[in-house]
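Got your viewer open and ready? Let's take a walk through this model, one selection at a time.

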Amino acid sequence: MPVQEVMNQTAKLQLGDKSIDLPVVVGSENEHAVDISKLRSETGYITLDNGFGNTGACRSAITYIDGEKGILRYRGYSMETLAENSTFLEVSWLLIFGELPKPGQVEDLADRIKEHSLLHQDMRHHFEGFPATAHPMAVLSAMINASSCYHPELLENNSIDESSLEVVAMLMAKVSTIAAFSYKKSIGDPQRYPDPSLDYCSNFLHCMFSKPYGRYSAEPEVVRALDLFLMLHADHEQNCSTSTARVVGSSEANLFASMSAAVCALWGPLHGGANQRCIEMLEGIRRDGLDVKKVVERVKNREFKLMGFGHRVYKNSDPRATILKKASDDLLKKLGVDDPLLPIAQELEDVARHDEFFLSRNLYPNVDFYSGIILRTIGIPIEMFTVMFAIGRMPGWIAHWKEQHENPNGRIARPRQVYTGSPERDYVAAGSRG
Ligand code: CMC
């Protein structure tokens, strides 16, 4: 499959009386880019692109998004097809290694994950150092980084291939166990050891919800809904946290350090933290009995943003939101749960979908709008929502770290800037400052 094709086409840039030709690069889905790699050395100019909205930071063969058409594909497979037919672990393999797993491969990954699901006994003491009120994203990031201290042999092992699953299995296992342990700590419950007889999602739910006096056994619909949630979050090309993983990895920092940094980037409310903020917003509307139309007016008056709405890339619909909306409806029906937030979410979506402010800005529900309803139904506490996103995104981060690491033309990420501070000035000694 052609990953990237360079056409014999150039873009002409006129800078004063100087003109230069810049090569045009075409991706495998006919996306066009102007390659400015030589811009500064040939002209002295750099580009300025607030929020990198027009900047391609790399060539990548992992995920394709067409934001105008609402298309999302992992390694060429449509999200809808994968959601219907695949599993989170299969998709993780696909993202990291580029092909759907052959018979036995995903089972091998699952077995390795089970082998690594326990934490080093010393690591369990780290949890005691955090206050019970610690946000689980802070704990997750710290503990992923701390994991590296217990596996120094993996710090130098910078290659990931199908025969050396060690570091992949370890990260996917640890992120799930750490997440559940941090929840147990926050509610003052004893931690529950992972159970190797369970699949990835069932085991996570067991570690989260089993009590010393009673074992939690998840309904199959709940396990499937969680698996779907994780799969839909598994990758999303150059988003803030994935770019962070690639940027940190570009300094040849190890995988643990890069993943820990990605968790921090995900935490923010404009990115993965939006799922928590979205449910808090819906709960606020319900608790205070607010009129949805008035809430929308306040959003239009710029008092606050509608969380779970809008996207840098999607300008029509977010296919993940469509799938999750249906999945949340199905789950609620199957479990006979009546979530009072669902009608509020639907009304908000209806009002916004007919309002010029939202239409003219292409603001539609994103993945975080309905994902919270699914997570609530599963029983995940709201503070853990972004952690759930992180568990799902782990294979995507690993895949991008691997791709970036294996790129023979890779360079350390080091943007330029347009300096806006003071010109050179004379130093004034402390005693003489007025
Ligand atoms: N509510 C109200 N107005 C909005 C919203 C929103 N959620 N999102 C964007 N706008 C407005 C924004 O104020 C701007 O208006 P104007 O042109 O009049 O100044 C216009 O729409 C364009 O927005 P932008 O801020 O330039 O868009 P962006 O591409 O820089 O930001 C975003 C994308 C996702 C950060 C933003 O839409 C947002 O803050 N949404 C709410 C938070 C959220 O749901 N984040 C999760 C994103 S999906 C999960 C993930 O992958 O991270």
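Start by selecting Thr 242, which counts as buried because its relative accessibility is 0%. (Buried means under 20% relative accessible area, exposed means over 50%, and partly exposed is in between, with a 1.4 Å probe and protein chains only.) Thr 242 sits in helix α11, residues 240-250. Helices here are DSSP runs of H or I with at least four residues, strands are runs of E with at least two, and both are numbered from the N terminus. Now show what surrounds Thr 242: leaving aside neighbours within four places in sequence, it is in contact with Asp 235, Glu 237, Arg 393, Trp 397 and His 400. Contact means heavy atoms within 4.5 Å.

Before going further, a word on what you're looking at. This is a predicted model, in which local features need pLDDT of at least 70 and side-chain atom pairs count only at pLDDT 80 or more, while totals for chains, interfaces and linings use all residues. Residues are numbered from 1 along each chain as its sequence is written, and side-chain values use heavy atoms, with hydrogens and water left out.

**Zoom out: the whole chain**

Switch to a cartoon view and you'll have 19 helices and six strands on screen. Along its principal axes, the C-alpha trace spans about 80 × 65 × 55 Å. The radius of gyration is 23 Å, which agrees with the value near 22 Å that a compact globule of 434 residues would have. That radius is taken over C-alpha atoms, and the globule rule is 2.2 Å times the number of residues to the power 0.38.

Try colouring by burial next: buried residues make up 48% of the 434. If you turn on the surface, its accessible area comes to about 21800 Å², and 50% of that belongs to carbon and sulfur atoms. Areas like this come from the Shrake-Rupley method with a 1.4 Å probe; for residues, only the protein chains shown count as cover. As for contacts between residues at least 6 apart in sequence, 71% join residues at least 24 apart.

**Stop: helix α9**

Select residues 200-209. How many residues of helix α9 are buried? The count is 10 of its 10 residues, so you can call this helix mostly covered. Among them are Tyr 200, Cys 201, Phe 204, His 206 and Met 208. To see what does the covering, add α3 (88-97), α4 (105-115), α8 (166-187), α10 (220-232), α18 (367-378) and α19 (385-406), which are included in the cover. Then look at the start of α9, where a side-chain oxygen of Asp 199 reaches to within 3.1 Å of the backbone nitrogen of Cys 201. That is a polar contact, a pair of N or O atoms within 3.5 Å; within protein, one must be able to donate a hydrogen and the other to accept it, and residues adjacent in sequence count only if both atoms are side-chain atoms.

**Stop: Ser 258**

Next, pick Ser 258 in helix α12, residues 255-267. Is Ser 258 buried or exposed? Ser 258 is buried, because its relative accessible area is 0%. Its side chain reaches the backbone oxygen of Asn 254 at 2.9 Å. Not counting residues up to four places away in sequence, Ser 258 touches Ala 245, Val 248, Gly 249, Ala 253 and Trp 401.

**Stop: two arginines**

Move to Arg 286 in helix α13, residues 274-287. With a relative accessible area of 48%, Arg 286 is partly exposed. Beyond residues up to four places away in sequence, Arg 286 touches Pro 340, Leu 341 and Ile 344.

Now select Arg 302, in the loop between α14 (292-300) and α15 (319-335). Arg 302 counts as exposed at 60% relative accessibility. Leaving aside neighbours within four places in sequence, Arg 302 is in contact with Phe 357 and Arg 361.

**Last stop: backbone angles**

Most residues other than glycine have a negative phi. Phe 52 is not a glycine, yet has a positive phi of about 55°. You'll find Phe 52 in the loop between α1 (39-43) and β4 (63-66), and it is exposed, with a relative accessible area of 57%. Gly 53 lies in the loop between α1 and β4, and is partly exposed at 44%.

Finish at Asn 362, in the loop between α17 (356-360) and α18. Asn 362 also has a positive phi of about 55° without being a glycine, and is partly exposed at 28%.
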